[in-house]
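Biologist: Could you walk me through this model, one question at a time? I would like to see how each answer is reached.

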Amino acid sequence: MSNDFSEKFEKMRIAGKLASKTLDMLTDFIKPGISTDEIDKLSYEFIKDNGGYSAPLYYRGFNKSLCTSLNRVVCHGIPSDRILTESDVVNVDITTIVNDYYGDTSRMFSFGDVSVKAKNLIDTTYESMMRGIKILKPGIRLGDIGFEIESFVEEKGFSVVRDFCGHGISNAFHEPPNILHYGEKNNGLELSPGMTFTIEPMINEGKYDVKVLNDGWTAVTKDKSLSAQFEHTIGITEDSYEIFTESVKGYRKPPYN
Ligand code: MF3
Ligand code: CO
Ligand code: CO
């Protein structure tokens with residue numbers, strides 16, 4: 001590729017690959033018995049040892065290096081001494097900075113006691129993200145992405161979180177445009193080559209309403225139902241798209257083996 005965004009894409013590839021390799025590495029450790037703080041430390045060290053920095057650390061007062069969102073936590077869960085159990089479902093969200101560029105990706109993890117409904121929620125969330133990605137090319141509009149995700153999710157009886165969205169990302173963590181995971185066809189900003197952004201649908205088993213806990217970060221479902229999320233960082237090419245945060249080990253959704 002040789003165009004005015006090829007250098008930017010090369011940097012996005014490097015940051016994105018470190019983020020996905022971090023999740024790949026963590027997969028062996030994210031098991032019942034580990035605390036979310038231990039996951040945080042492993043991630044911080046791995047990213048540092050590979051020439052990057054963990055973007056969440058000290059971001060707007062966040063004091064950990066990644067987000068761990070368990071069960072009814074929608075996003076921005078703060079690592080703690082909480083130990084994972086067989087029945088937890090957890091999202092681990094990594095953001096790296098390498099040479100000033102950002103890679104942002106998250107996956108769900110589940111274990112032995114995952115209920116049929118939770119598994120269905122996780123599968124639906126992954127599939128909704130991929131449906132949103134597969135239509136990407138110059139000329140489509142942001143509403144087309146939201147429509148694709150929302151219509152699939154609602155047909156399965158789940159709901160799309162409104163209060164958080166995907167975002168532009170390059171040499172800043174969060175930049176315009178907002179990428180809503182709901183919407184109407186043929187609506188909103190038109191995509192053009194060189195754009196880079198995340199798609200990161202948060203899907204609830206029950207209603208889409210969320211609230212933020214007193215820690216100022218942890219977003220939870222109001223009705224206490226389970227929530228799931230996956231995230232990729234993507235670039236729009238001349239005629240299609242590129243995923244910068246694809247797993248090197250081929251991990252897509254649980255079970256990872
Ligand atoms: N990684 C999250 C996202 O997908 C943002 C986390 S911000 C933090 O945009 F401060 F909570 F880490
Ligand atoms: Co993001
Ligand atoms: Co993220």
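Modeller: Gladly, and please keep in mind that this is a predicted model. Let us begin with Phe-158, which touches residues including Lys-117, Leu-121, Val-153 and Ile-203, leaving aside those up to four places away in sequence.

Biologist: Is Phe-158 buried or exposed?

Modeller: Phe-158 sits in the loop between helix H4 (142–155) and strand S6 (159–160). Its contacts also include Asn-120, Thr-124, Asn-204 and Glu-205. The cut-off for burial is under 20% relative accessible area. Because Phe-158 has 6% relative accessibility, the residue counts as buried.

Biologist: How does His-76 count by its relative accessibility?

Modeller: His-76 also belongs to a loop, the one between strand S3 (73–75) and S4. Among the residues that His-76 touches are Phe-62, Cys-67, Phe-164 and Trp-217. Its relative accessibility is 25%, so His-76 counts as partly exposed.

Biologist: What separates the C-alpha atoms of His-76 and Gly-216?

Modeller: Along the chain, these two residues are 140 residues apart. In space, the separation of their C-alpha atoms is 9.5 Å.

Biologist: And what is the C-alpha separation of Phe-158 and Lys-17?

Modeller: This pair is 141 residues apart along the chain. For Phe-158 and Lys-17, the C-alpha atoms are separated by 31 Å.

Biologist: Let us turn to the metals. Which residues are the protein donors of the cobalt ion (ligand 2)?

Modeller: The donor atoms are of the types OD, NE2 and OE, and they lie 2.0 to 2.2 Å from the ion. In sequence, the donor residues follow the spacing D-x62-H-x32-E-x30-E. For the cobalt ion (ligand 2), they are Asp-104, His-167, Glu-200 and Glu-231.

Biologist: What arrangement do the six donor atoms around the cobalt ion (ligand 2) make?

Modeller: For six donors to count as octahedral, opposite donors must be over 155 degrees apart and all others between 65 and 115. Around the cobalt ion (ligand 2), the angles run from 51 to 161 degrees, and therefore the arrangement is irregular.

Biologist: How many residues apart in sequence are the parts tied together by Asp-104 and Glu-200?

Modeller: Both Asp-104 and Glu-200 are buried. Asp-104 lies in strand S5, while Glu-200 is in the loop between S9 and strand S10 (202–204), so the pair ties together parts whose separation in sequence is 96 residues.

Biologist: Which residues coordinate the cobalt ion (ligand 3)?

Modeller: Coordination is at 2.1 to 2.3 Å, and Asp-93 is listed twice, each time through OD. The spacing of the donor residues in sequence is D-x10-D-x126-E. The cobalt ion (ligand 3) is coordinated by Asp-93, Asp-104 and Glu-231.

Biologist: What arrangement is found around the cobalt ion (ligand 3)?

Modeller: Six donor atoms surround this ion. They subtend angles of 58 to 167 degrees, so the arrangement is irregular.

Biologist: Which residue bridges the cobalt ion (ligand 2) and the cobalt ion (ligand 3)?

Modeller: The two ions lie 3.3 Å apart. Asp-93 and Asp-104 are both buried. The residue that bridges the two cobalt ions is Asp-104.

Biologist: Now the strands. What is the bridge partner of Ile-199 in S14?

Modeller: In strand S9 (residues 196–199), Thr-196 and Thr-198 point one way, Phe-197 and Ile-199 the other way, and all are buried. S9 is joined by four bridges to strand S14 (residues 232–236), and the two run antiparallel. The partner of Ile-199 is His-232.

Biologist: Through how many residues does a hairpin join S7 to S8?

Modeller: Strand S7 (residues 166–168) and strand S8 (residues 175–179) run antiparallel and are joined by three bridges. One bridge pairs Gly-166 with Ile-179. The hairpin from S7 to S8 passes through six residues.

Biologist: Finally, what is the radius of gyration of the chain?

Modeller: The chain holds four helices and 15 strands, and its C-alpha trace spans about 50 × 45 × 35 Å along the principal axes. Buried residues make up 55% of the 257 residues. Because a compact globule with 257 residues would have a radius near 18 Å, the value for the chain agrees: 17 Å.

Notes. Residues are numbered from 1 along each chain as its sequence is written. Chains are lettered from A and ligands numbered from 1 in the order in which they are written. This is a predicted model: local features need pLDDT of at least 70, side-chain atom pairs count only at pLDDT 80 or more; totals for chains, interfaces and linings use all residues. Side-chain values use heavy atoms; hydrogens and water are left out. Donors are N, O and S atoms within 2.8 Å of the metal (3.2 Å for Na, K and Ca); water is not among the atoms, so sites may look incomplete. Four donors count as tetrahedral if all angles lie between 85 and 135 degrees; four count as square planar and six as octahedral if opposite donors are over 155 degrees apart and all others between 65 and 115; anything else is irregular. Buried means under 20% relative accessible area, exposed over 50%, partly exposed in between (1.4 Å probe, protein chains only). Two strands pair if DSSP finds at least two bridges between them. Contact means heavy atoms within 4.5 Å. The radius of gyration is taken over C-alpha atoms; the globule rule is 2.2 Å times the number of residues to the power 0.38.
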